[in-house]
Amino acid sequence: MDFDEDGDLDLFLAMRDRANHLFENRGAEGFVDVAQELGVDDPNRTIGAVWFDTGDGRLDLVVANMNGDPNVLFIQSSTGFARARLAVIREGGRGLGDETRGSVRPCVVDYDSDGDFDLFFANYGPNGLLERDAGGDFTNVAAALGLANASRYDTCAWGDFDNDGTIDLYVNGTVGGGQHYRDWLMRREGADLFVDVTPPELLELNASHGATWVDFDLDGDLDLALTGAADDGTHYLMENLLRPEYGWHALHVRVLDAEGHATRPGAEVRLYVPGSDVLLATRIVDTGSGYDTQSDLPVHFGVPGAQPVDVRITILAGGERRTGVVEAVDPADYQGRALVVRIDDDGRIVR
């Protein structure tokens, strides 16, 4: 991610056995560790991290910590990072102080399509889904929505696998002490429930260690890539057999900078009914936060009926949020390929 928004990619390293690192890319000078200087050298036992904007125009950082250590939301300002004192994020749905519990992978998702970003924590213990309200506060709604299944999980992967316009969740179990903890595919059904629809083809596999959604065959629907556990060395690629007439009810959007480089992690992509402020869905460009997985993939939207949409892309620029719009995009024009949008530092679309 480009945490300082200077046009190049920096590197954050989550370290389970020592303080975390943040390497700033200084071009010819190389990478310089600025974690201590900026206040993100968290000494807790960190496994995962994700960057997103809480609304102030700068990339903020969530770290997921294991062995009972509290999670942390670091809010970025012009002078560094400060810890947000939010108990619900510290606990992440799994509580604190228990050495057998912790958070592994945080995910940023607008699960309820209200335009702001919520947080999901894949945990050792019950998972947490922290819904954000208009005032910026978070509430754990995982139990109410059927997502707080207590087990041991390594990662979360959100994607609209059935192209119905609502985002679904894949959570993978881990391997420990010779035991394989099962994976879950949870489909969004209605406003207030996720339902377990894990197919037998997935339940028959050994536990995985990472997951990412990818349309590898370019047929419009999301397939699933799984990283095998260390003791079996396998890697699975599970093809989505969604009926073809629904596969093309989708749009993939790839966001680049004005020069065509993938330096826009943290950019926000939203779909609207054309010519209106009726929001359909929100995604974040996130290339580096996965557990045992990383990708530079376009964001995916299910678009029921394959109706035209306006695509609004918001980038962060030195404490400001700047938005460009591609109007009246017809998903039928992008079957088998992504809509590629180049956007400059002023939020202007470069075609």
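**Entry 1: alanine 49**

I began with alanine 49, which counts as buried because its relative accessibility is 11%, below the 20% that sets the limit for a buried residue. The model I am reading is a predicted one, and I keep that in mind for each entry that follows. I placed alanine 49 in strand β4, which covers residues 46-52. Setting aside neighbours within four places in sequence, I found alanine 49 in contact with Phe12, Leu61, Val62, Val63, Pro106 and Ser289. I also looked up how alanine 49 stands to glutamine 335, and the two are 286 residues apart in sequence and 33 Å apart in space, C-alpha to C-alpha.

**Entry 2: asparagine 20**

Next I turned to asparagine 20, which sits in the loop between β1 (11-13) and β2 (21-25). Is asparagine 20 buried or exposed? I noted it as buried, since its relative accessibility is 2%. Its contacts, leaving aside residues within four places in sequence, are Phe12, Leu13, Ala14, Met15, Ala35, Val40, Asp41, Asp42, Thr46 and Val63. Phe12 and Val63 had already come up in the list for alanine 49. From asparagine 20 to arginine 45 I read 9.0 Å between the C-alpha atoms, with the two positions 25 residues apart in sequence numbering.

**Entry 3: leucine 129**

I used arginine 45 again as a reference point for leucine 129, and here the C-alpha atoms are separated by 21 Å, the residues being 84 apart along the chain. Leucine 129 belongs to strand β10, residues 128-132, and it counts as buried because its relative accessibility is 0%. Once neighbours within four places in sequence are left out, leucine 129 is in contact with Tyr111, Leu119, Phe120, Thr139, Asn140, Val141, Ala142, Leu145, Leu147 and Trp158.

**Entry 4: the disulfide**

How many disulfides does a search of the whole structure find? I recorded 1, formed by cysteine 107 and cysteine 156, whose sulfur atoms are 2.2 Å apart. The pair links distant parts of the chain, with cysteine 107 in strand β8 (residues 102-109) and cysteine 156 in strand β12 (residues 150-159), 49 residues apart. I checked the geometry as well, and the link of cysteine 107 and cysteine 156 is right-handed, with 110° about the S-S bond. Both of these cysteines are buried.

**Entry 5: threonine 198**

I located threonine 198 in the loop between β17 (194-196) and α4 (200-203), and I noted it as buried, with a relative accessible area of 10%. Not counting residues up to four places away in sequence, threonine 198 touches Arg182, Asp183, Trp184, Leu185 and Leu203. For one of these partners, tryptophan 184, I also read the backbone distance: its C-alpha atom and that of threonine 198 are separated by 5.6 Å, although the residues are 14 apart along the chain.

**Entry 6: two positive phi values**

I then looked at two residues that are not glycine but have a positive phi, beginning with asparagine 67, where phi is near 55°. Asparagine 67 lies in the loop between β5 (60-65) and β6 (72-77), and it is buried, with a relative accessible area of 16%. Leucine 218 likewise has a positive phi, of about 55°, although it is not a glycine. Its place is in the loop between β18 (208-214) and β19 (223-228). Leucine 218 counts as partly exposed because its relative accessibility is 47%, which falls between the 20% and 50% cut-offs.

**Entry 7: the chain as a whole**

I closed by looking at the whole protein chain, whose secondary structure comes to 5 helices and 28 strands. Why does the chain count as being as compact as a globular protein of 351 residues? Its radius of gyration is 19 Å, close to the 20 Å that the globule rule gives for that length, so I accepted the description. Along its principal axes the C-alpha trace spans about 50 × 50 × 40 Å.

Buried residues make up 52% of the 351 residues. Of the contacts with a separation of 6 or more, 51% are between residues 24 or more positions apart. I noted an accessible surface of about 14,500 Å², of which 48% belongs to carbon and sulfur atoms. For charge, I recorded 28 positive and 63 negative side chains, with the centres of the two sets lying 3 Å apart.

Definitions and conventions:
Residues numbered from 1 in each chain as written. Predicted model: local features only at pLDDT ≥ 70, side-chain atom pairs only at ≥ 80, totals over all residues. Heavy atoms only, no water. Helix = DSSP H or I, 4+ residues; strand = E, 2+ residues; numbered from the N terminus. Rg over C-alpha atoms; globule rule 2.2 N^0.38 Å. Buried < 20%, exposed > 50% of the residue type's maximum accessible area, 1.4 Å probe, protein only. Contact = heavy atoms within 4.5 Å. Areas by Shrake-Rupley, 256 points an atom, 1.4 Å probe, with all protein chains shown as cover. Lys, Arg positive; Asp, Glu negative; His and termini not counted. Charge placed at Lys NZ, Arg CZ, Asp CG, Glu CD. Disulfide = S-S within 2.5 Å.
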